[in-house]
Amino acid sequence: MSGWWLVALVAWPALMAAPIVACGRWPNLRETLSVITGLVLLAGVILQIGPLVDGGRPDILLFSILPGLDLHFALEPLGLIFALVAAGLWPLTTIYAAGYMRGNREPDQTRFFVCFALAISAAIGMAMAGNLVTLFVFYEMMTLVTYPLVTHHGDAESREGGRTYIGLLMTTSIGFFLPAIVITWLISGTTDFTAGGILAGTGIGSVGAMGLYALFIYGIGKAAVMPVHRWLPAAMVAPTPVSALLHAVAVVKAGVFAVLKITVYVFGLDFAYQTSATAPFLWLASFTIIAASAVAIYCDNLKKRLAYSTIGQLSYIVLGSAMASKLGAVSGSLHIVTHAFGKITLFFCAGAIYTACHRKYVSELNGLGRAMPLTFTAFTIAALSLIGLPPMAGAWSKWYLMSGSAGVEEYALLGVLALSSLLNIVYLLDIPARAFFLPGDAETPKGIAEAPAACVIPLCITAAGCIALFFLAHPIIDFVGTALGGPA
Amino acid sequence: MSSLDLLDIVAWHELGHLASWFLIAAGAVLSVVSGIGMLRLPDLYTRIHAASVADTGGMILILAGLMIQAGLGLVTAKLVLIVIFLLITSPTATHALARAARQDGVTPESNAQRTKTTR
Amino acid sequence: MRHLVALMSGLVLLWLILSGHYTPLVLALGGLSCVLVAWLCARLGLVSREAVPIALLPRLPLYTVWLLFQIARANMSVTWRLLAPRRFIKPGLVEVGLGQRSDLGRAIFANSVTLTPGTVTIGLENGRAMIHSLTPLADDDVTEGVMNRRVRWLESRHARAEP
Amino acid sequence: MMLIAGILGVAVTMLLILVRVLAGPTTYDRILGINLFGTKTVLLIALVAFITDRTDYLDLALTYALINFIGTIAVLKFMQYGDLGWAGDVEDDTDV
Amino acid sequence: MTVSLLLNFGLLVFLVAVALALAHWRHLFPVAMLTGLYSLLSASLFTVLNAPDVALTEAAVGAGITTVLFLATFGLTRAREKPVKSSRRLIGLALTAVTGAILVYASLDMPRFGAPDTPVQTHPLRDKYLVASQDEIHIPNTVTAVLGSYRGYDTLGEVAVVFTAGMGVLMLLGRGRRGRKQNPE
Amino acid sequence: MREHTVLRIVTQLVVAPILIFALYVQFHGEYSPGGGFQAGVIFASAIVLYGLIFGVEAARRAIPPTALRIGAALGLLVFGGTGVATMLLGGNFLEYDVLLPKPEKGQHYGLIIIELGVGITVASVMIAIFYVFAGRGRHRDEDEPA
Amino acid sequence: MITHFFNQMPALVVVVPMLAAPLVVLAHRQWAAWLIFVGACWAIFGMAFLLFVEAKIAGQVSYAVGGWAPPFGIQLVIDPFNALVLLLVTGVAALTSLYARASIAAEIVAERGYLVYALLLLCIAGLVGITITGDAFNLFVFLEISSLSSYALIAMGPKRRALLSAFQYLIMGTVGGTFLLIGIGLVFMMTGTLNMADLASRLPPVADTHTVQAALAFIVVGLSLKAALFPLHVWLPNAYTYAPSVVSAFISATATKVAVYAVFRFVFTVFGVDYAFGTLPLGEVLLVLSAIAMIAASLAAIFQTDVKRLLAWSSIAQMGYIVAGFALATPDGISAGLVHLLNHGLIKGALFMAVGALFWRLRGSSINDLAGMGRAMPVTSAAFVVGGLSLIGVPATAGFISKWVLLSALFEAHRYLLVAMLLLASLLSIIYVGRVIEALYFRARPDDVTEHAHGEAPLGMQLATWALIAANIAIGLHATPELGAAQRAAAGLMGGGT
């Protein structure tokens with residue numbers, strides 16, 4: 001019975017897309033419906049926590065596409081964490097989006113909300129995928145349904161951005177991810193995620209495993225490991241709620257989640273560690289972290305800066321996976337959560353700033369802090385979280401990453417992490433500093449000029465979340481830890 | 001049956017054979033001659049005359065030779081039919097051709113154009 | 001009606017000659033075929049004095065024999081000329097007034113002329129025929145009017161029937 | 001034996017005619033040649049029918065005797081009118 | 001037999017000559033007429049090869065219909081072939097040469113023409129068609145028996161081909177094409 | 001080309017023999033070379049000849065295009081219908097044995113029927129094609145009824 | 001009586017459309033013609049399904065036309081291989097029949113409509129005939145039926161260029177047909193038989209001759225022309241582009257597929273896999289050609305401005321996929337090729353139908369014409385999107401299944417270069433499909449087009465399109481039966497017997 005819950009959860013947002021379309025003519029109803037859908041989904045996912053903590057593993061084999069190739073849902077802690085993040089942030093994003101879209105009088109709002117719902121469906125589907133094929137199905141579905149969101153404006157610039165977005169993501173997924181899955185299937189005869197990894201014991205050599213892992217990492221373009229990160233800045237042409245969704249909730253998290261999941265359940269931490277299949281990616285991820293952070297410093301466009309920041313932050317998670325240790329995996333999954341809250345807050349803020357006074361460049365933000373105190377306070381909190389300062393949630397994930405690095409005896413990584421934190425400070429704290437401490441120009445609004453409440457309330461909530469998670473981190477860690485074997 | 005009768009039959013047979021031989025050979029010769037004429041003669045109209053030798057003489061002789069071979073019967077009747085139809089259609093085609101050529105301005109190679117009229 | 005009957009009998013005769021199989025089935029099919037063709041000819045307007053020249057029949061055999069004789073004669077003379085040096089060929093054009101009263105007659109005349117090697121009708125209109133000949137001799141043959149007369153004789157009954 | 005002689009004669013004639021057809025010079029020469037070629041084919045087929053003792057081949061010869069001139073007439077008509085379906089009693093039939 | 005062989009040979013030579021002329025001439029009148037000639041020659045050849053049914057077909061089609069249809073087509077189009085780029089002609093020539101070469105290659109191992117021990121002659125089909133058919137179908141012309149009965153399905157298909165061609169022509173050129181809905185280019 | 005005396009006369013004389021010859025070829029396919037296809041073509045060539053000399057319009061008046069369309073369809077139906085009939089009588093498709101009590105009779109009659117079908121279709125299609133093609137020459141480009 | 005009817009189905013499945021065509025001509029009225037068309041198409045679809053089941057149970061269904069035992073008469077054979085192809089052809093035909101009415105009414109002048117139905121029926125009859133015949137010459141006859149009717153149908157396209165492209169197709173098709181005929185003639189000469197099974201048993205002793213080698217070459221080249229296998233594809237883009245919508249849809253989904261079927265029917269069943277792929281290097285040649293086809297044709301598709309032409313080029317590329325699968329000559333490869341043959345039929349049929357529906361509204365099919373139609377015709381556009389995704393090979397569509405089985409077959413056979421080519425071609429397909437989708441949804445309608453360019457196509461067209469889309473998704477979600485059938489077919493082919 002519990003297996004059908006998973007199917008229901010995956011299908012629910014997708015099914016609700018239909019009434020949302022039907023309500024297209026009544027915006028209030030449509031958005032209420034969206035939020036309700038989100039809340040119901042969230043409730044459904046939360047209901048799964050209990051059984052999972054008790055060690056239950058809901059599992060359902062829906063049907064088989066080809067012999068041995070099934071549409072298979074299964075829930076385990078990693079997936080639940082991802083599902084919780086997605087389901088939890090979606091209602092907030094929806095509320096925020098309602099305010100943002102109306103505030104900026106965007107066209108085609110119905111399509112927007114429908115695609116939103118479908119994207120969440122895809123995210124939940126990935127979270128609950130029981131095998132590689134199912135994961136791939138929803139991975140592709142997510143790429144496709146977010147494409148209309150990226151290209152939302154329909155002008156030349158957004159079409160161009162959309163092309164890069166879908167082109168890169170589809171290219172990598174079909175060019176690398178799909179063959180990687182086929183190879184895995186041919187080698188092991190199954191694609192079901194199994195504890196300890198399905199490749200372990202298949203006799204695949206070290207080089208083969210390394211190559212396969214490379215196919216996976218670059219196949220999952222959503223994880224944005226350089227050099228397949230280009231789609232992320234390109235996608236910044238989308239409306240800000242979309243960026244929030246892409247960069248915090250659904251897309252990028254889906255990418256790193258897939259990496260994590262593959263590392264743990266396809267390769268298996270032990271196997272990956274023994275064959276050192278993942279080792280090269282420690283350094284590729286490190287490079288990405290440093291390089292993306294460095295680029296971010298020079299980005300004047302606020303959203304673009306955040307995008308490069310995301311690229312860097314995602315590689316933390318990839319790094320965690322690539323450590324092939326329990327600690328690394330835990331820290332990675334923790335970072336999924338903390339970064340989600342931090343980054344969504346940042347994007348909410350960027351959107352709020354744009355909605356309120358149509359600024360999108362960092363250099364235009366001078367002195368705005370006084371006009372938008374709530375927004376910039378939230379921004380600061382989120383920024384600190386990403387940098388990794390207590391008492392923000394980000395502190396824990398960085399801490400565990402560092403201990404993970406130490407655990408696998410890669411001390412150079414410590415340096416990388418330290419350097420990147422430094423860079424984070426430079427490009428993130430630069431913004432509130434300008435807003436609060438530099439004088440504004442002539443056009444800077446006097447007095448309070450916050451964005452609509454629908455925008456501000458969500459960002460306050462997520463900012464609060466950043467702090468709250470600092471105290472809730474340990475249950476998560478324990479929970480995830482139960483799912484992982486492998487070297488600590 | 002007397003031996004004379006038998007001889008008679010053989011002779012007749014031989015004679016038929018001989019006649020057939022002669023006719024076919026003559027037809028073939030006419031044919032070839034008309035072919036030569038087709039090549040030799042200077043212009044279209046004269047070539048038509050050459051052609052008509054083969055069309056009539058050659059054709060009739062050869063088919064007649066075959067008729068003798070076939071003896072009295074349906075085969076001969078068919079051969080006769082062939083002859084009749086050829087005699088009807090081939091001059092028609094030739095005439096149409098000559099007429100069309102003339103209307104098209106192919107002039108005969110002729111020095112004097114004489115006109116005589118009979119009632 | 002006369003013509004239709006004549007056409008039918010002609011067709012039946014033709015069928016019998018062609019067929020050579022006289023089983024009931026084939027004969028029945030033959031009968032059907034003849035009827036079909038006759039009907040079609042009627043539709044095509046081919047059951048007429050021109051198309052079924054029964055009036056010529058009585059005199060046709062004699063004319064044919066005469067014509068064959070002419071053809072034989074002409075063949076000999078032309079064959080010789082085909083092989084002889086060029087100077088024996090003196091082509092010429094003759095225009096002949098026609099005495100035939102029907103188109104059928106004129107056509108028979110034209111074809112007869114064409115059939116005889118050495119002469120060819122190259123035009124036929126307004127009661128006059130343009131004849132090209134290989135030699136003056138053959139030309140004389142025509143202008144003498146022998147053939148002209150013969151054809152007139154052939155068609156005389158036919159022509160009388162013409163209004 | 002005699003049939004063979006006949007066949008040879010016809011074949012040689014065919015060759016001569018073929019030369020004329022290919023040489024031209026006017027289209028009418030060619031048409032003439034082809035028309036004559038048809039008659040020769042009739043003869044050839046008749047002779048072959050006798051040589052192989054299959055007199056039902058005569059149907060073939062008969063076919064040619066009946067319909068070979070249709071092609072010639074079609075060509076001539078087309079050269080004159082540029083159209084095959086035209087009844088043709090309306091214009092330019094003034095003949096000399 | 002030698003005469004037949006000689007005749008075969010001669011007719012084939014004629015055929016080749018005509019075919020070359022066909023390929024050579026650009027003006028389409030002579031081409032239309034030459035196709036008539038070509039069919040005359042093939043009919044003779046088929047007769048010599050003892051295939052009267054094929055010969056009759058060739059005769060009926062070649063003498064009556066082909067020329068007329070060719071000319072009618074010229075009436076619809078134009079009587080002169082458009083000059084073709086020499087490169088394309090070269091390609092055509094090359095393709096023809098290759099095809100011919102393959103055919104020659106194929107002929108290297110062909111069974112001897114007309115020999116009694118070829119696969120075609122030894123296959124049970126031959127007995128079936130030439131001997132057994134007399135009992136089974138009771139008609140003297142085995143060609144008709146084969147075409148109509150043993151392979152009647154093929155013949156049905158061929159009738160369908162003819163029907164298709166007719167309907168296709170009617171559809172493309174029949175009444176009212178001018179009136180059909182047409183987009184400007 | 002009606003004004004062409006010789007052609008007109010000869011055509012009138014020759015059409016009927018060609019037609020009967022065509023039908024002869026049609027019905028003697030069992031005994032001598034030929035059959036439906038050849039017969040159909042010869043039949044059509046008679047009509048073509050008529051059309052050449054008297055004009056397509058005249059031919060069309062005698063044998064209207066609708067009749068040809070029906071004929072073409074009918075021929076194929078006759079052939080195929082024979083096959084269907086054999087099926088209904090319990091045989092395989094085109095198994096003429098079952099048409100009549102005696103198999104060889106059945107074969108014989110079956111062959112006659114299907115050859116007839118072939119002939120009808122071929123003749124109709126050939127004539128129709130001639131109509132369509134010949135009716136569209138240079139002389140009447142404008143007021144073309146085909 | 002009922003069993004008798006079942007026994008007669010192999011003949012009926014050809015005869016019904018073939019005789020429906022003259023009935024349509026006799027009926028003459030357009031609605032009556034359409035009714036006959038629909039009836040015939042669905043009838044044969046039903047029969048094809050029954051035959052499929054029968055072939056699955058019995059392994060092979062054989063039918064002696066005229067009651068003459070196989071080598072003497074013509075034999076119809078339905079085995080697991082062609083039962084699938086038969087199902088595709090008749091299925092697409094059945095849907096085409098729904099689609100045809102509105103499309104033909106819009107694109108073809110009314111008094112000609114019945115002829116289009118008649119020719120479509122003949123084309124169907126031809127394709128079905130090719131598919132189920134067990135006789136080499138008979139295959140040629142039906143090939144001619146289908147070819148002739150498709151020439152005429154293509155020429156009926158709404159633009160003048162349609163005539164030219166039909167002519168081009170005619171020329172190449174005739175060459176192809178002639179080659180096939182020569183090949184069959186050579187084979188006949190070496191064996192004295194035309195029955196495929198009989199041929200298969202009589203060829204091995206003479207296989208080592210130049211004649212048989214040449215015969216194989218002629219047959220493969222001739223049929224490849226019809227299958228538009230690179231580099232013999234030249235006719236295809238024009239033909240598909242200028243044909244009437246319904247014709248493009250039907251022919252693209254079936255004709256080339258049937259031709260490919262015929263190629264491999266000859267190669268596997270008649271000549272035998274050991275001969276064609278072992279003794280002769282046919283497999284290598286086909287693999288190289290198909291690899292080139294995938295890449296070159298995909299590249300060409302990217303640069304097209306007309307959607308139909310774009311899809312046509314994509315078809316050429318996809319033929320490369322299919323042939324690559326077959327040319328591996330492994331059970332996995334053959335079943336993969338067969339699966340893609342079916343799936344591609346469904347995909348292309350759906351896409352051309354969707355484009356036809358757009359054309360119905362727009363009277364144009366260039367990408368610029370399509371701008372903004374996502375809003376004007378949401379249902380049709382959505383169909384195109386799903387079809388396009390299937391073409392790309394997105395999971396949960398039939399295209400994904402194809403890609404999956406092809407990839408695994410190629411990996412199994414260690415053809416890594418071909419894997420790369422296949423993936424590259426897939427990536428290129430993203431680009432060309434993406435261009436169309438982008439135009440549909442993310443570009444504004446041109447301002448000058450205001451009148452009549454709004455509203456969905458008629459129900460019949462939509463129904464047919466979505467039925468194919470649904471088939472795509474259904475296969476994408478549950479392809480086990482299809483793959484199973486394909487594997488049975490492959491096993492049968494590799495086994496060598498008919």
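These are my notebook entries on the cores, one strand and the cavities of this structure, which is a predicted model.

**Entry 1: the main core**

I started with the nonpolar packing. The largest nonpolar core has 644 residues. I asked which residues have the most contacts inside it. They turned out to be A:Phe267, G:Phe266, G:Phe271 and G:Trp404. Next I looked up which helix gives the most to this core. That is helix H10 of chain G, residues 245-271, with 19 residues. Chain E comes in as well: its domain 1 (1-83) and domain 3 (123-185) both give residues to the core, so the core lies between these two domains.

I then picked G:Phe266 for a closer look at its neighbours. Leaving out residues up to four places away in sequence, I found that G:Phe266 touches G:Ala136, G:Leu139, G:Leu180, G:Ile184, G:Met196, G:Ile219, G:Leu223, G:Phe271 and G:Gly272. G:Phe271 is on that contact list, and G:Phe271 is also among the residues with the most contacts inside the core.

**Entry 2: another core**

Apart from the largest core I noted another one, of nine residues. Its members include B:Leu30, B:Ala50, C:Leu82 and C:Leu134.

**Entry 3: strand E3 of chain C**

Is strand E3 of chain C, residues 128-133, enclosed or open? Five of its six residues are buried, meaning under 20% relative accessible area, so I have it down as largely enclosed by the rest of the structure.

I checked its pairing too. E1(C), residues 92-97, runs antiparallel to E3(C) over six bridges. Within that pairing, C:Glu95 has C:Met130 as its bridge partner. E2(C), residues 119-125, also pairs with E3(C) in the antiparallel sense, over six bridges. There, C:Arg128 of E3(C) stands opposite C:Glu125.

E2(C) and E3(C) form a hairpin with two residues between the strands. One thing I flagged for the backbone: C:Asn126 takes a positive phi near 50° in this hairpin.

**Entry 4: cavities**

How many cavities of 30 Å³ or more does the structure hold? I get nine. The largest has a volume of about 140 Å³. It is lined by 16 residues, and I listed those closest to its centre: D:Ile34, D:Gly71, D:Thr72, E:Gly36 and E:Thr67.

Which helices supply the lining? From chain D, H2 (27-51) and H3 (58-81) each supply at least two residues, and so do H2 (28-48) and H3 (52-76) of chain E. H2(E) gives the most to the lining, with six residues.

Key
Residues numbered from 1 in each chain as written. Chains lettered and ligands numbered in written order. Predicted model: local features only at pLDDT ≥ 70, side-chain atom pairs only at ≥ 80, totals over all residues. Heavy atoms only, no water. Core = buried A, V, L, I, M, F, W, Y, C linked by side-chain atoms within 4.5 Å. Buried < 20%, exposed > 50% of the residue type's maximum accessible area, 1.4 Å probe, protein only. Helix = DSSP H or I, 4+ residues; strand = E, 2+ residues; numbered from the N terminus. Domains from an automatic or database assignment. Contact = heavy atoms within 4.5 Å. Pairing = 2+ DSSP bridges. 1 Å grid on protein atoms, 1.4 Å probe; cavity = no way out; pocket = protein on both sides within 12 Å on 5 of 7 lines; lining within 4 Å. Points joined across faces, edges and corners; volume = space filled by probe spheres on them.
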